[in-house]
Each structure stands twice: as structure tokens, then as C-alpha cells.
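User: Please take me through this structure in questions and answers. I am new to it and would like each term explained as it arises.

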Amino acid sequence: MKRLFLLATAASAIATAAGAAERTKFDFWYGLTGDLGEVVAKHCQLFNESQDKYEAVCTGQGGYDKAEQNTIAAYRAKQQPTIVQIYDAGTVNFMLSGAIYPANKFTEEHKLDIDWKGYFPGIANYYATSGGDMWSFPYNSSTAVFYWNKDAWAKINKTSAPQTWAGLGEDLKAMKAAGVECGFAFDFDTWMNLEQFSATNNLPVASMDNGYGGLGAELVFNKTAFVDHMKDFKSWLDAGYAKIQTTQVGKNLVQSFADGSCASTITSIANHGTVKNTQVAGLNWDVAMLPVIDTTKRTNSLVGGASLWLMQGKTDKEYEAASAFLKYVTAADTGEKYIAENTGYIPVTTEGFDLLKQEGFYSDPKHTGREVAIASLTASDVGPLSRGIRLGNFTSIRAEVRAELEAAFTGQKDMQTAIDAAVERGNQILRRYEQTYKGAALP
């Protein structure tokens, strides 16, 4: 009897193994790392456990830049994944690569029911073609917000965050006089300092509607209010109102805010959970929309994060599996809700946002303020200068801007000279990119 039981158990195990082996596998590469990378890996696991027909083989690439570079190299070697997570700055490169399977075409041909109109316009427009067609699936989205220490502002009898940059400057001066050693922490990041500032104040980063009009666009931010904005930052630094906070000097923006050493900063809403989980005891803080030059002219902020791209050259079976995976990870309940609950990222559709509101997500003290990101992304109708930035090799341009801002803030150059140099070298990058894709038109 015991022998029969063992034989039955063995047969069952073989059958189970055979069933697992019959699953259709497909590769998904992602760029997020650390805790956020673990959230993506868990999302894959949950999908795999939710059914027995398909298996997502999910592999972290060690960063967004590496995910893009590795995917391009793999495509050339005909070893590309079926789906890859690519950050916002890689959008143009993938649109012109000839290696991707446009999302709108994929959903139609594989009968995947996606309500493209349900995405928040501030998110959809970043990843859509000039004609409004979605070529990738928004996945983890964020925007920049203002983190502020309410107790520090209470020292100057203020109960709300500053709404304008000029107001912030006045508050920083008053807080310094009240004994606050570091009123504001900043670094050289271009997404927050240049891109978000320009979008929320309806200023161009580049000509031709920030590049959406074609590959002939040129950088122009050395001729906008951005220059004076950075000069203000430098004056705050020199006066001792603000500090540069990077890992190179011992702690980054999030750490300097969470430990209470700096009273405010601007960073991604995705860091909301990190601040909550690492803050010193008793830190009394909140988030607000970024200050602007003129509150009557505020425009929407830009989306950050990444989207999911399908690659060409895979089998019908792999695409069938990918369709099931995309349905799972983009759904309001199994996708958006999971990402929001386990990270600081925001829902990307109105359905996802409404679901979280109905379930009391935003009334939970752990999540207080996260809805500010939605308010920021929807602060205005999306316009030509607030829908996004569509520039080739944008990662390299960002690197040039960061380097020049660092030179200016460390006293090696004056601000105008540094920003002029960033624009000059950035435009050289754009011209080389245009030459590489000579005759090509942005979709």
C-alpha cells in the first residue's frame, strides 16, 4: 500500500513537472534596482502564480541605462527579450530603433483590451507618437514634488509650503535667521531642476515643441528663466540657506530630508515610501506641488519612470504569453494597485486612481500626500511644452547638463557660461543623432 502511495505521489510530481515544463516562457528585462527591483521581481512571481499557461522569466539589468544598452545589443545578436522596461529618456531611441512592436498595434493584433484614453494625459503624451498613438505601456510612473518639514516652517510661523520660487527664497532666509541650518537640499539632477521647472512654468527646453516637431530641434534653455532659477539656487547656497546633497558628499537628497538635517527638497513622489520608512522619529513632513514662478500660470509637471516595450522578432506563442502578462501588470487591481501599494509610484489611469481612492489608500497616514503627484500631473491641460521632451540621445544630454551645473555650483564657472556650454555640447549630440537617422521622421 505504501509502495502504491509512493508511486502515485511520484506520478503526480512528474505530471506537475510536465505541466510546468509545458508553460510558454518569455523574457522580461527590467531596469529598476534595489527595493524597487525586488517589487518588479515579485510582480513577475505573482503573475506566474496566477495561472499555469505562461511563465515570465524576469531579469534585472542593473539600471535603466543598462537595460536600454543591453536590449539594443541583444537585438543585434537576435537574443532580445520579448518585453523590456525602458525609462522616459529612452523613448525616442526606441521609437526610431525599428526593433519594437508598437503597443497600439500589438493590442489590436492580439486582442488585448486596453483603454488608452483612460491614461492620464500627462503620462500618455510622454510615450505617445505625435499623432497620439501609444507605442509602449506606461508601467511605473512618477513626478517631482516638494518635500517640506512642517516644524521647520512653523519656526517662521508658516503652516503651508511656499507656492512660488521667490516665496521659497524668502522662507529660506527667514528659517536661516530662525536657526535652521539647511533649509533646502538640492543636487545637479536635470529631471528636477531643468525639465520639471521648465514644464511647470511652460518654458521650452528645446525648439520644435521640445523635439516633438522633429529631429532638427535645438536646445534653448540657456535663454529662458532657467538660468536665473539656477542663479537663485547658487545664491541660496552661498548664503548658507541651502546645501548640495549627493552621495559623493555623504548623503543624498532623500537621506538628508528623512534624517531631518535639511528642511526641504525636491525629488520624485516615488521616494515617498522611502522617506516614510527611513525617517527619524517625530519628523513632521508633507509634500506639495513644486513651486512655480507665477501660480496663475502653472502648467502640469512631467511624468518620470518607465514604460514597457515589446520587441520585434519573437514567436506567436511568446507574444500570446506577453499579452497575458501585460493584461495582468497593467490592470487596475493586479497592476496599478500593486505598484502603488509597494512603491511610491502613482497609478497611471483614472481607473487605477479611483480604485485606490475607493479603498481608502490616500486616507491611510502612510500614503498621505501621494495624491499631490496626480494633482501636479493634471494641473493644466497638456500643452506643447508640458507633454514631454522628445530628444535623441537624451541620456547623454542630461549628463552634459549635470556636469556643467556641478561646475557652476562648485565655483568653477559662472552659471550662464556653464549652461551655455551644456547647450552647445547638447546640440552637438542632437546633430550627430540627426545625422545617424538622416531622413527619418519621428512617429
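User: At roughly what angle do the axes of α2 and α15 cross?

Analyst: This is a predicted model, in which local features need pLDDT of at least 70, side-chain atom pairs count only at pLDDT 80 or more, and totals for chains, interfaces and linings use all residues. Residues are numbered from 1 along each chain as its sequence is written, and side-chain values use heavy atoms, with hydrogens and water left out. Helices (H or I, at least four residues) and strands (E, at least two) are DSSP runs numbered from the N terminus, while axes are lines fitted to C-alpha atoms, for helices over the stretch in contact, with angles from 0 to 180 degrees between N-to-C directions. The axes of α2 and α15 come within 11 Å, and their crossing angle is roughly 145°.

User: Which residues of α15 do V39, K42, H43 and L46 in α2 meet?

Analyst: Contact means heavy atoms within 4.5 Å. The residues of α2 with α15 in this contact divide into 4 nonpolar, 4 polar and 1 charged, where Ala, Val, Leu, Ile, Met, Phe, Trp, Tyr, Cys and Pro count as nonpolar, Asp, Glu, Lys and Arg as charged, and the others, Gly among them, as polar. On the α15 side, the residues met are T334, G335, Y338, I339 and N342.

User: What distance does α2 reach from its first C-alpha to its last?

Analyst: Helix α2 covers residues 34-50, which is 17 residues. The expected span of a helix is 1.5 Å times one less than its number of residues, and for α2 the expected value is 24 Å. The reach in the model is close to that, at 25 Å.

User: Against which elements do the buried residues of α2 pack?

Analyst: Buried means under 20% relative accessible area, exposed over 50%, and partly exposed in between (1.4 Å probe, protein chains only). In α2 the buried residues are G37, V39, V40, H43, C44, F47 and N48. They pack against β1 (24-30), β2 (54-60), β5 (137-142), α14 (316-330) and α15 (332-342).

User: Is C44, in its disulfide with C58, buried or exposed?

Analyst: A disulfide is a pair of cysteine sulfur atoms within 2.5 Å, and C44 and C58 are joined with an S to S distance of 2.1 Å. The pair links distant parts of the chain, with C44 in helix α2 and C58 in strand β2, 14 residues apart. C58 counts as partly exposed because its relative accessibility is 24%. C44, with a relative accessible area of 3%, is buried.

User: Why is the disulfide of C182 and C262 given a handedness, and which one?

Analyst: Another disulfide joins C182 to C262, with 2.1 Å from S to S. C182 lies in the loop between α8 (165-177) and β7 (184-186) and C262 in the loop between α12 (253-258) and β9 (264-268), so the pair ties together parts that are 80 residues apart in sequence. Because the torsion about the S-S bond is about 95°, the disulfide of C182 and C262 is right-handed.

User: What relative accessible area does L215 have?

Analyst: L215 lies in the loop between α10 (207-210) and α11 (226-239). Leaving aside neighbours within four places in sequence, L215 is in contact with L96, R431, Y433, E434, Y437, A440 and L442. L215 is buried because its relative accessible area is 15%.

User: What phi does M208 have?

Analyst: M208 is found in helix α10 and is partly exposed, with a relative accessible area of 37%. Although M208 is not a glycine, its phi is positive, at about 55°.
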